[in-house]
Amino acid sequence: MKHSAFSNLGSFLLGGNHSVTSPASPQAHQINGIWWLMFWVCGAAFVLTMLSMAGAIWRRRKAIEVDHARDSRRAAFVALASGIVVVVLFVFLVASAVGMKKTEYIETRNALTIQIIGHQWWWEIIYNDPVPSQIVTTANEIHVPVGKPVLILTSSRDVIHSFWAPNLNGKRDLIPGYQTAFWIQADHPGVYRGQCAEFCGHQHAHMGFEVIADPAGKYEQWKAAQILPAKEPEDDVKRHGREVFLSHPCVMCHTIRGTDAGSRVGPDLTHLASRGTIAAGTLKNTTGNLAGWIMNSQSIKPGNHMPSMSLQPDDLQALLAYLGSLQ
Amino acid sequence: MKRLYFIVIGFVALLLASCEREQRRFQQGAPSTDTSQSHASMDEIYPGGARPPSNVANVYEENAYMVSEGKRLYEQYNCVGCHFHGGGGIGPPLMDADWIYGGEPQNIHDTIVEGRPNGMPSFRGKIPDQQVWEITAYVRSMSGLLRKDVAPGRSDDMSIKKPEESQKPEPPKK
Amino acid sequence: MNPVDTKPIERSATDELLQLAETWREPPGFWGWFRCVHHQTIGKRYIVTAFIFFLLGGILAALMRMQLIRPENRFLGPDLYNQIFTMHGTTMMFLFAVPMMFEALAVYLVPLMVGTRNIAFPRLNAYSYYLYLFGAIMVWVALLTNTGPDAGWFSYVPLSGPGFAPGKRVDFWAQMITFTEVSALAVAVEIVVTVFKLRAPGMSLNRLPMMVWAETIVSFLVIFAMPAIMLSSSMLILDRLVSTHFFNPAEGGDALLYQHLFWFFGHPEVYIIFIPGLGIVSTIVATFSRRHIFGYMVLVLSLIATGFLGFGVWVHHMFATGIAGMGRSFFSAASMMISIPTTVQIFCWLATLWGGKLNIKLPLLWIFGFFFVLVMGGLTGVMLGVIPVDIQVHDTYFVVAHFHYVLIGGAVFPLFGGFYYWFPKITGRMLNHTLGNWHFWLFSIGFNMTFFPMHSLGLKGMPRRIYTYQPEMGWTTLNRIATFGAGLMFIAVLLFLINVFWSRRRGVVAGENPWGAGTLEWATSSPPPPYNFVELPTVNGREAVWDAAPNQPVVRGLRTDMREVLATNVLDADPDHKELMPEPTIWPFLAALATTFLFIASIFTPWGLVWGLFPVAVTMTGWFWPKGKDKVNQEIVEAEDAARA
């Protein structure tokens, strides 16, 4: 890629991994195209209007007298310019209708269905399946196969949230009492970040998620691993860690399938270690971050529903070892 | 002039009260974590025993956010599973004036932490103490013991009873 | 008897003038302050109060910009930030923009511009001001006691409902709506009646000044739009206070219903703020081009069209909710259509400038700024009307940039232009030119520095209403630029304040018509006397001062010993009858106090509504009870009429 000053400015103004102008799906490509069409047309309109104003200032500030004589010619100009505006708006309207059809037409053939439930302030992800034992539940991280349409069903358990992964499609609100459907499809393998876009309370700022597009084989592998219950701890430290988990407040909210922990208040932790981030896309999933999150969640995300814990150092180390083993 | 003075003082007091009511405390020490003073008798014939008067005031009872958190936890920690929405069923009702192990904040806190015979599990260690005090505050709001501007309004689900703020006060029987 | 005498002006006898001054004199002293009912006094109070809330809202904005200057900043926590951004939006929309653009300007200017002595229903006018003031103070006292609303200026349910917004924060917000909307509705009624019944003879509807047209159309918008927000905020407060289920999905209520009701008001609200700005632009462009506005009829029809279309676009705030495609396309088309009348107006102003002889002074400078900013905001608005683009940038900083360009461009730029334009009329002195230049350039540069980067931030994926962001998102530099720009705007507004305080005492004396303008407010002294005009003018053309005939007649025969005005008919402004205006009284103030008690008490208990009604009934009765000078005057007039018959 050529590194001119212009492209540097472009990436400064529009770049980034969370940008509307870096599309990675058919829908986002479509929207990106309409955006650039509008950008150039509206940009031209802006420049023309400003030139016309500058011309008026330049020509008329030294005028000797008021000029009524050419008002009828001006009327013709106004009518013509207004007519052009109407035509341009009509083009935009057609682009809007066509674009909407392409981005929101629901593709159900051969589609994977994922249910996304908004919670204050995390995302519950359920991979529906007619066979109950094949249903996968996870949180804040959506794995999808590349090039396959994914039908997303949205709903909310508390307030209104909005699901938005800018590289993949526009946003869709998650409204309590409603279920709506839309679809996404990733063109290339990669990690696409998303975030809640409707104000939902204290931690609206830290309600992110990741969409991870995998090649078909890798996706199937991931799903097969997710269906399994949690791995049995293989040493004493991890066994102690599980004890800590089950005898402390963790167990009141979280599920680890294969243990007694079965509450669905917070995210499912059965395969926590397989995820890239914790705290709804807020922190990288490292041991240090996890320790900080457990002990001090209220300082990282003030007002979120996970209380800060007080654990003895060796209990904490054991818990971290156990959680780190939940691949 | 003196009357004006009183009016101003009263007004300021009202405003300060609203400060406390609206505080959002995310991380703050709870009144007390010591349950060793609990004297509730576990006797099967006379459970609860002679309940010593408790002098621990639950500051969360003045705080609408804390009570609301208590209400959320009451649902999410499945207190509703036995006590339902206050009317009781498997466990005793919480919206009336009868308290087997005492209806003062400290009594309710201890009951949650220690558990009680015949079904009430102990949540010691499972629920952080701040949350226990939040639930305690909410439990007392169910029998109308909290100020109306602090007690929760209706929730966004099926209503089976009046919201806590419209509950008729049922002071605990001594 | 025809009240209009077509004889040319004869200087009134000095004692007649003195009597007129005595009749219209505002009551003096401390208690007199509460008894004033003249539109100039109330209008000035509106202007000052609304400007104070502009400053307060600006301070909140500065705090938010401080918080966002770097990622994961700990300056304000989420709780305080949510209160602050909610109060910023609430203050700017409900306590500054509507009261300033509509109530303040209309109350002060419309009676002067249509050439009458006072606004219709002056007591209602005073009442409306006190209600606005008390409501505004209430919600700000709430903020200072940590009870500031924190669910956004839109207060979407269920986040603002009883389950997720404990305490009384949102109740204060909802009741603030009631206060300000009652006040706006009252002024809307006054303006409609003033414009339709109290115009100077000869000012037929097709000669109405553009500013008056704008405020009249806005009055109708207020009358039709405000009930929707009062309805939705009342339903919200009922849900919260007496446990109704309007918005509870489990009991058949509907969370989306609130959004429909809110935006059915919320979008016309934008035009309530914006259309007076357009009126100011038309006024200033004509004056400083030294010619009649180009395309008067087209401009008026465009304003009316905007008013109508404004009610058909509300769903474009809800494109992301999943409303069915066909419905969305309709609202998308309407949203694009509404840009047509504004475009036509911009072309008409450009044509006026092209055909005029420009007098480039500070007011016109602000209008040039308006063109730059508003055209950009309008174009991003068209982008937002296109559904696929909207669902990408909806609720991001792109939208924040868009509506600040439209609202600051469409309202605040013309408003500052209007301040420089009408300040000499209101105070009798000109604002300082040098300071004014600094103000304009600093504000314009600061504004673009603050809000232009927000377009980029939105496209780079930064959602609105987040109290912080993570360092790896790449939003830091642009946010920093925006914060520095906000600093420049802050300094610019300080310079303006200095200018106002300095020029009020030491500015150049303005004289009757410093700009050579054509509308009627310039046909009287600066500042205008309490009776507005020594003799009520008559009108011979669209720009009354410019088009006046050499021997333009004036209205004679109005009483000088009573507050008498001339009522004219609706279309042609032919003299109809004489009308007595009420005398100063304290009852509107007492009624406003009683109403305030009712509104605030009902935040805490439904019984507040019941017991609060009694003082309201008592004060309203006192207000309308025939008594004092009004009664005496009425009897005299009736006796004279009877004698004549």
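In the predicted model, chain A has a radius of gyration of 27 Å, whereas a compact globule of 327 residues would have one near 20 Å. The C-alpha trace of chain A accordingly deserves a description along its principal axes, where the spans are about 95 × 45 × 45 Å. Of the 327 residues in chain A, 41% are buried. Among the contacts in chain A with a separation of 6 or more, 65% are accounted for by residues 24 or more positions apart. The secondary structure of chain A consists of eight helices and 12 strands.

The assignment divides chain A into three parts, with domain 1 covering residues 6–104, domain 2 covering residues 112–222 and domain 3 covering residues 236–324. The centres of domain 2 and domain 3 of chain A, taken over C-alpha atoms, are separated by 22 Å. Between these two domains of chain A, 17 residues of domain 2 are in contact with 15 residues of domain 3. On the side of domain 2 of chain A that touches domain 3, the strands β2, β3 and β10 (208–214) each supply at least two residues. By class, this side of domain 2 of chain A has six nonpolar, eight polar and three charged residues.

An open sheet of five strands in chain A follows the order β3-β2-β1-β5-β8, and the pairing within this sheet is mixed. Strands β3 (136–139) and β8 (180–184) of chain A stand at the edges, each with a single partner strand, so one side of each is left without a neighbour in the sheet. Neighbouring strands of this sheet are turned against each other by 25° on average, with direction ignored.

Part of this sheet can be followed residue by residue. Strand β1 (residues 112–119) of chain A pairs in the antiparallel sense with strand β2 (residues 122–127) of chain A, over six bridges. The connection from β1(A) to β2(A) is a hairpin that runs through two residues. A:His119 stands opposite A:Trp122 in β2(A), and A:Ile117 has A:Glu124 of β2(A) as its bridge partner. Strand β2(A) also pairs with β3(A), again in the antiparallel sense, over four bridges. In this second pairing, A:Glu124 stands opposite A:Ala139 in β3(A). A:Glu124 is thus named in both pairings, with A:Ile117 as a bridge partner and with A:Ala139 opposite in β3(A). The strands β2 and β3 of chain A, described here as sheet neighbours, are also among the elements that supply residues of domain 2 to the side touching domain 3.

Chain A is also in contact with chain C, and this contact takes 72 residues from chain A and 71 residues from chain C. On the side of chain C that touches chain A, two or more residues are given by each of α4 (78–114), α8 (255–289), α10 (325–337), α11 (339–355), α12 (362–385), α13 (387–393) and α15 (433–459) of chain C. Of these elements, α11(C) gives the most to this side, with 12 residues. The residues that chain C presents to chain A divide into 43 nonpolar, 20 polar and eight charged.

Chain B has five helices and zero strands, and the elements of this chain, taken from the N terminus on, run α-α-α-α-α. Buried residues make up 39% of the 174 residues in chain B. For chain B, residues 24 or more positions apart account for 70% of the contacts with a separation of 6 or more.

Chain C is in contact with chain B as well, with 22 residues of chain B and 19 residues of chain C taking part. The helices α1 (2–22) and α2 (64–76) of chain B each supply at least two residues of the side that touches chain C. The largest share of this side of chain B comes from α1(B), which contributes five residues. By class, the residues of chain B on this side divide into eight nonpolar, seven polar and seven charged.

Definitions and conventions
Residues numbered from 1 in each chain as written. Chains lettered and ligands numbered in written order. Predicted model: local features only at pLDDT ≥ 70, side-chain atom pairs only at ≥ 80, totals over all residues. Contact = placed C-beta atoms within 7 Å. Nonpolar A, V, L, I, M, F, W, Y, C, P; charged D, E, K, R; others polar. Rg over C-alpha atoms; globule rule 2.2 N^0.38 Å. Buried ≥ 20, exposed ≤ 12 C-beta atoms within 10 Å, placed from the backbone. Pairing = 2+ DSSP bridges. Axes fitted to C-alpha atoms, helices over the stretch in contact; angles between N-to-C directions. Domains from an automatic or database assignment.
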